[in-house]
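Let's take a walk through a protein model and look at the spaces inside it, what sits in them, and a few quirks of its backbone. Keep the 3D view open and turn it as you read.

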Amino acid sequence: MPKFRLFLLLYTLITAPAWADDGYRLWLKFDLIEDAALRQKYLSQVPTIASTSTHPTVQIAVEELRQGLGTLLGKPVAVKPALGANEKGISFKLNPTESGISEEGFKLQTVGGTLQLIAQTERGLLYAAYELLRRVQTGTSLEKLSVTSSPRIQLRLLNHWDNHVGTIERGYAGMSLWKWYELPERLDPRYTEYARANAAIGINGTVVNNVNASARFLTDEYLQKVKALADVFRPYGIKVYLSVNFASPRILGKLKTADPLDPDVRAWWKQKAADVYTLIPDFGGFLVKANSEGEPGPMDYGRTHVDGANVLAEAVKPHGGIIMWRSFVYEPDPKGDRFKAAYDEFKPLDGKFHDNVIIQVKNGPIDFMPREPFSPLFGAMTQTPVSMEFQLTQEYLGWATHWVYQAPLFEEVLSADTHAKGPGSTVAKVLDGSVYKYPITSMVGVANTGSDRNWTGHPMAQANWYALGRMAWEPTLASEQIADEWVKMSLTRKPQAVATIKNIMLKSREIYVDYTSPLGLHHLMGEGHHFGPEPWLNKARRPDWTAVYYHRADSLGLGFDRTARGSNALSQYAPPVQQQFENPATCPLPYLLWFHHVPWTQKLSTGRTLWNELVHRFYSGAEQVKWMQNEWNKVKKDVDSEIFANVAGRLLTQEKEALWWRDACVLYFQEYARQPLPAPYQKPNRTLEEVKNLVDIYHLR
Ligand code: GCV
C-alpha cells in the first residue's frame with residue numbers, strides 16, 4: 001500500500017470516534033473484556049465447548065456461548081464433539097431425571113477441568129448458557145462453580161398491547177415489533193433478536209396482541225401469522241399466547257350471541273381452540289380482558305367471570321392450554337371506591353374457576369400508579385391461582401422522557417407481607433404457590449418494547465424489561481443486584497461508573513414519586529393520555545377517571561379515607577395489614593394519602609406539617625433531577641457516546657417536566673391549603689392558569 005494511503009488509513013482509524021452503540025444489543029453486548037488478566041483467566045477455563053447435539057435449542061446455546069465468549073475473550077472458542085482427557089472446557093449434560101432442579105432449571109458445575117451445564121431439558125441448558133455468559137459479562141469468578149437454579153414462577157411472560165395496525169396502546173418506543181402485513185412470508189430478523197433477549201432473562205412466553213383485542217387475531221389469516229412467530233420463538237423456549245375478544249363467536253362465528261352458556265358458543269370456542277392447536281401445538285393459551293373499560297364479557301349476558309373463563313378453559317384444556325383472566329374490572333360508581341372493585345368481584349369467585357384458569361392481577365388496586373399498595377387480591381385467593389401483572393411501559397411513569405428504574409417498585413410489591421397465612425406470606429410467596437398450592441404460577445410485564453432501534457425508547461428503560469425477567473425467575477432478587485448486572489452487561493464495566501449509574505437507578509423511582517405523587521397521592525395525571533399533571537381534573541367520561549375522585553382535596557385536608565370511617569377498602573386486607581395502614585400514626589408515609597384524609601396542618605413523623613412536607617417533596621423531587629443530570633455527566637467517558645447523549649438529552653426534558661408537575665401540584669393544592677410555601681422554597685414563577693395551559697405545548701389535547 002502506498003505510504004500516503006497507509007497514513008490516511010491509520011489516521012482515520014485513530015481519529016474516528018469509537019463505534020457508536022445504539023442500544024440494539026441490549027444485555028447481549030458481549031464486548032471485549034478490557035481487563036487482559038481476567039480475559040486470560042476465563043480463556044484458560046473455557047477455551048473449548050463440547051457438544052454433538054442436533055437439538056435446535058442446544059445448538060442455540062452452543063452458538064451463543066461460542067460467539068459470546070469469543071468476543072468477550074477476544075479469541076475464538078472452539079466447538080468440538082467431545083473434550084479430550086484433561087482438556088478444559090464447557091460440556092452439556094441433558095438428564096431428564098436430574099434431581100434438585102425443575103424442568104427449566106439448571107446446574108453449573110465445575111467437575112475436574114470441565115464446566116458442566118446440566119439440565120433436565122434443552123431449555124434448561126439454554127438458560128444455563130445464558131447464566132454462564134452473564135457471569136463472564138459481569139466479571140464473576142468461574143472458579144469451582146456449584147450453581148443450582150430453578151425458576152420460582154412457571155410462566156414468565158411479556159404482554160404486548162400491540163394492535164394489528166402496528167400501533168401500541170401506551171407504547172412509547174415506536175411502532176409494534178410485529179409486522180403483521182409481512183407475516184407469515186417475511187420473518188423480520190428482529191423476531192429472533194427479541195427471542196434471544198427474552199430467553200437470556202428467562203422469559204418463556206409472550207402475548208403478542210393487545211388485551212383490548214381485535215377479534216381478527218383468531219381468523220385463519222392471522223393465526224398463520226401468529227404461527228410464524230411461534231416457530232421463531234419455539235427454539236428459545238418461548239410460547240406464544242393470544243389476547244382474545246370475548247365477543248369473537250359473534251364477530252367471527254356469526255353466532256347470535258357470545259353468551260358463554262350457549263351450546264353453540266361453547267362449541268365455537270372448542271373448535272377455535274382446536275384450530276389454533278393444530279397450527280401451533282405448543283400454543284400457551286388465551287388472555288382475556290372482559291367487561292372492563294368497554295370490552296365485551298360474560299356479564300353482557302347476565303353471566304359471571306367464572307362462566308366466561310370456564311368456557312374458554314374447557315376449550316383449551318384438552319390441548320394443555322391455560323386461560324389468563326384479568327381482574328382489572330371496575331364499574332363507574334361515583335359513590336364507590338375503585339380500589340375495592342377487583343376484590344369485590346373476584347374474591348367471592350375463589351375456587352369456582354377450572355384448574356387451568358389463572359386470575360391476572362395488576363400489582364396495585366387501581367392502575368400501575370407510580371406507587372400503590374399491593375392489591376388485596378394477593379393473599380385473598382386461596383383456591384384460584386393469581387398472577388402478577390406489572391407494567392413495564394411507562395404509562396404513568398413519564399413515558400419515554402423520565403428515567404425510572406422500576407425494579408425497586410417490583411421489589412417493594414413482591415416483598416410486601418400479605419399476612420395471608422401469618423407473617424412472611426409475602427406477595428412473592430403467594431405468586432410462587434408456596435402460600436397456597438397454586439397449580440399455575442405466573443408473572444407478566446406489559447412490554448415496553450417497540451420498533452425504536454434501542455427497543456425501549458429511553459435507553460435506561462431496557463433495565464425494566466431485564467428486571468422483569470430476572471424477578472420472574474427469582475422474585476426475591478434485589479433491585480441492586482439486577483441493576484449491577486444490567487449496567488455491566490449493557491453499559492459499562494468501569495467500577496466507578498457502575499456505582500454511579502446504579503445509584504441513579506436505585507433512586508430514580510423515588511425521585512419520580514416525589515415530584516409527581518408524594519405521600520400516597522395517586523391518579524393526578526392528565527386525562528386519557530395519562531401524561532403530565534392534571535390534579536384539577538374534575539370532569540371526565542367516568543368519575544373514577546378524574547383526579548379529584550382520588551385526592552379529595554378540601555379546605556381541611558387531602559387524601560382518600562379508606563378506613564372504616566371512609567370507603568373501608570382496608571377491610572380487604574388481612575388484619576395485620578389493615579391495622580398497620582388504618583392508624584395514620586403507623587401508616588407508612590408513602591401510603592398515607594392512599595388511606596387517610598389528613599389535615600393540612602397535621603404534623604407528620606418528619607416533623608413537618610402535611611402541607612410543608614408536600615411542598616418539600618415536590619420541590620426536592622424536581623431538584624433531584626438536576627442531581628441525576630450531574631451524576632450522569634460523571635460517566636460521560638465511561639459509556640458509549642451515543643447512549644450518553646441520548647440519556648443526557650432526555651434528562652433535560654425530564655427536568656422541564658418535573659418542574660411542570662411540581663408547579664401544577666403545588667399551585668393547585670395551595671388553593672385548598674391556603675398557606676404560603678415554607679422556606680426555603682420560592683413560589684413558582686408562573687400562575688396556575690399558565691401551568692394548566694402547558695398541556696398545549698405538549699400537544700396533548
Ligand atoms: C389496555 C389502563 C390503560 C389502558 C389499558 C388498561 C388495561 O386503563 O390506560 O390503556 O388498556 O389499563 O390494563 O386494560
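The second largest cavity has a volume of about 80 Å³. Keep in mind that you're looking at a predicted model. Thirteen is a handy number to hunt for here: 13 residues line this second largest cavity, and the ones nearest its centre are F368, Q391, L397, Q406 and L409. To find your way there, look for β13 (386-391) and α11 (407-414), each of which supplies at least two residues of the lining. What is that lining made of? Sorted by class, the second largest cavity has seven nonpolar, five polar and one charged residues around it.

Now step up to the largest cavity, at about 130 Å³. Its lining has 18 residues, with S327, A342, G364, P365 and I366 closest to the centre. Two elements give two or more residues each to this lining, namely α10 (341-346) and β12 (357-362). Which of them has the largest share? That's α10, with three residues. By class, the lining of the largest cavity comes out as twelve nonpolar, four polar and two charged residues. If you want the full picture of these closed-off spaces, a search of the whole structure turns up nine cavities of 30 Å³ or more.

Next, the pockets, which are open rather than sealed. The largest pocket holds about 540 Å³ of space. It is lined by 25 residues, and D21, K29, D31, L491 and D640 are the closest to its centre. Look at the numbers in those names: they come from quite separate stretches of numbering, so try clicking on each of D21, L491 and D640 in turn to see them come together around one centre. Which element gives the most to this lining? Helix α14 (residues 479-490) does, with three residues. By class, the lining of the largest pocket has 14 charged residues, along with eight nonpolar and three polar ones.

The second largest pocket has a volume of about 450 Å³. Here 21 residues form the lining, and E104, R123, L155, N204 and K239 lie nearest the centre. The elements that give two or more residues to it are strands you can pick out by number, β7 (155-159) and β9 (239-244). This lining divides into eight nonpolar, six polar and seven charged residues.

There's also a ligand in this model, so let's see what surrounds it. The shell has 15 residues, and the closest are E169, K289, R326, K362 and E395. Where do oxygen atoms of the ligand meet side chains? One lies 2.5 Å from an N or O atom in the side chain of E169. For R326, the distance from a ligand oxygen to a side-chain N or O atom is 2.7 Å, and for E293 it is 2.8 Å. Is the ligand buried or exposed? Taken alone it exposes 340 Å², and the protein buries 97% of that. The shell around the ligand divides into eight charged, four nonpolar and three polar residues.

Time for some rings. The model has 44 aromatic pairs. Take F246 and W325 as one of them: the ring centres are 6.0 Å apart and the planes stand at 90 degrees, so this pair counts as edge-to-face. F246 sits in the loop between β9 and α7 (248-251), while W325 belongs to strand β11 (residues 322-326). The pair links distant parts of the chain, with its partners 79 residues apart.

Finally, a few backbone oddities. Most peptide bonds are trans, and most residues other than glycine have a negative phi. Against that background, check the bond between L183 and P184, which is cis with an omega of about 5 degrees. P184 is in the loop between β7 and α5 (189-200). A cis peptide bond also joins A679 and P680, again with omega at about 5 degrees, and P680 lies in the loop between α20 (641-673) and α21 (688-697). The last stop is K254, in the loop between α7 and α8 (263-279). K254 isn't a glycine, yet its phi is positive, at about 55 degrees.

Note on methods:
Residues numbered from 1 in each chain as written. Predicted model: local features only at pLDDT ≥ 70, side-chain atom pairs only at ≥ 80, totals over all residues. Heavy atoms only, no water. 1 Å grid on protein atoms, 1.4 Å probe; cavity = no way out; pocket = protein on both sides within 12 Å on 5 of 7 lines; lining within 4 Å. Points joined across faces, edges and corners; volume = space filled by probe spheres on them. Helix = DSSP H or I, 4+ residues; strand = E, 2+ residues; numbered from the N terminus. Nonpolar A, V, L, I, M, F, W, Y, C, P; charged D, E, K, R; others polar. Near = heavy atom within 4 Å. Polar contact = N/O pair within 3.5 Å; in protein donor to acceptor, adjacent residues only side chain to side chain. Areas by Shrake-Rupley, 256 points an atom, 1.4 Å probe, with all protein chains shown as cover. Phe/Tyr/Trp six-rings, centres within 6.5 Å; stacked < 30°, edge-to-face > 60°.
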